[in-house]
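Student: I am new to this structure and would like a close look at a single part. Please go through the packing of one pair of elements slowly, and explain each term as you use it.

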Amino acid sequence: MSVELDPRLLTRAREVVSSITGFRDDAIAPEAMERVVRTELARGRTPADLLGELLYPQSPLSGTLVRAALVGETYFFRQAEHFRCIAQVGVPTALRRGALALRGWSAGCASGEEAYSLAACLLASVPHGYPVEVMGTDLHEASLETARRATYGTWSRRESAPRLFPLYQESGERQVTILPAVRRITSFAQHNLLASLPERFGQFDFILCRNVLTYFSMTAREAAIALLVRALNPGGLLFLGAVEADKVPAGVVREGAPELQTFRRLGPGEDVAPAPAPRPLERALEFKPILPVRRPKLVMPEQAPAVVPPPTPARLHLQALERIEEGDVERASTMLESLVRQAPDYLPGLLELALLRERSGAREAAMPLMRALRSRAERLPPDHLVDGPEALPARFYQASADAYLNLGALE
Ligand SMILES: C[S@@+](CC[C@H](N)C(=O)[O-])C[C@H]1O[C@@H](n2cnc3c(N)ncnc32)[C@H](O)[C@@H]1O
């Protein structure tokens, strides 16, 4: 007989997953959350212990829940019309524009079939020797490991999807391996689509982000699309899944029929609102572009005074986190106290300091910080993305404070 689970625990689990991934609540499978929670309880952990761990978005339990919620369904040359559009329209246009190299990004690549399909498509569409590269990113590290192995079974090759360009060779019983030339120009890195893309990843001429945003809340979807647009070179194309944008995103125009869900970033001199600024959220990722990264030229106004902007709360917060990692809790505590004084509305700072107090056993000192966090978070729209080391919605902070303030009742 299965034991009834504390609903607060499951609610919190969903809340954490939704905050990290951007998923709508109804896109998170309840069974997946239950399975993880039951496994932890079966290991002898208490509900209060689990709730305590879920105050930390980077905790192992949060990671396990996120992995359980992600859906990695994919196959080669899925939505073939996008690859045809790239080969027949996108590449010839970019070559006419004088692009010196072509770069593609499969954003939310799962186990890599989309990234390799894009690489094969680009390789077959450019003159011999022309520089091409593709990056595949995903939140799910195990999927990326599969992608890097580059060996696939029959499930990745659907009858419904044509094999448009040379992509793989037979390598064993019902197994195929990606062709060396395609593999050479494709690399993979972990990346959350709610985070701004680190500058070293560069800009792209073709971005595929399909069957990913369909799980996202409206706010998360808009934030992710703005970041994707930002990563496009002028003239570059963004391809979304069939129902993943109900309007033309800012900074791009529609290309082709509406059902193609393809958007082009306008070039300099073309009349368009600038792409919205990305959210400052970085993760340390190992990715070295194969091609030199093309950066937009910075035009400095003449005789502009050299103004050094003050560090943002998120930067100060990151510095405090570095001290925590080095074990210098005292210094971190001083830095966070000063941060909370300077920026009392910076929710991640309030949470960090409260958790630091809790970890040092000073619950009385943590309580007022958590109350301040709750009252400030309550004033924001629940889906408002709050900048910090990780962009999380206001409801995450409110729920964190609630969970903490209610912990006593569970212990
Ligand atoms: C259904 S697969 C789609 C794969 C491929 N794009 C395709 O269309 O075949 C969705 C992928 O998006 C990834 N994903 C979901 N949320 C994400 C996020 N916030 N950041 C990065 N990847 C995410 C999942 O891990 C999963 O591998």
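Tutor: Helices (DSSP runs of H or I, at least four residues) and strands (runs of E, at least two) are numbered from the N terminus, while axes are lines fitted to C-alpha atoms, for helices over the stretch in contact, with angles from 0 to 180 degrees between N-to-C directions. The model is predicted, with local features needing pLDDT of at least 70 and side-chain atom pairs counted only at pLDDT 80 or more, whereas totals for chains, interfaces and linings use all residues. Residues are numbered from 1 along each chain as its sequence is written, and side-chain values use heavy atoms, leaving out hydrogens and water.

The chain holds 14 helices and twelve strands, and the pair to look at is helix α1 (residues 7-21) with helix α4 (residues 60-69), whose axes lie 9 Å apart at an angle of about 75 degrees. That angle makes α1 roughly perpendicular to α4, given that 65 to 115 degrees counts as roughly perpendicular, under 35 as roughly parallel, over 145 as roughly antiparallel and the rest as oblique.

On the α1 side, Ala13, Val16, Val17, Ile20 and Thr21 make the contact, and they meet Ser62, Leu65, Val66 and Ala69 of α4, where contact means heavy atoms within 4.5 Å. Of these residues, seven are nonpolar, two polar and none charged; Ala, Val, Leu, Ile, Met, Phe, Trp, Tyr, Cys and Pro count as nonpolar, Asp, Glu, Lys and Arg as charged, and the others, Gly among them, as polar.

Met33 touches residues from both helices: leaving aside neighbours within four places in sequence, its contacts include Leu10, Ala13 and Val17, together with Leu65 and Ala69. Met33 is also one of the six residues that touch the most other members of the largest nonpolar core, which has 80 residues. Such a core is a set of buried Ala, Val, Leu, Ile, Met, Phe, Trp, Tyr and Cys residues joined through side-chain atoms within 4.5 Å, and buried means under 20% relative accessible area, exposed over 50% and partly exposed in between (1.4 Å probe, protein chains only). Of the chain's 411 residues, 52% count as buried.

Another pair can be set beside this one. Helix α12 (residues 347-359) and helix α13 (residues 363-378) have axes 8 Å apart at about 160 degrees, which makes α12 roughly antiparallel to α13. The residues of that contact comprise 13 nonpolar, no polar and four charged.
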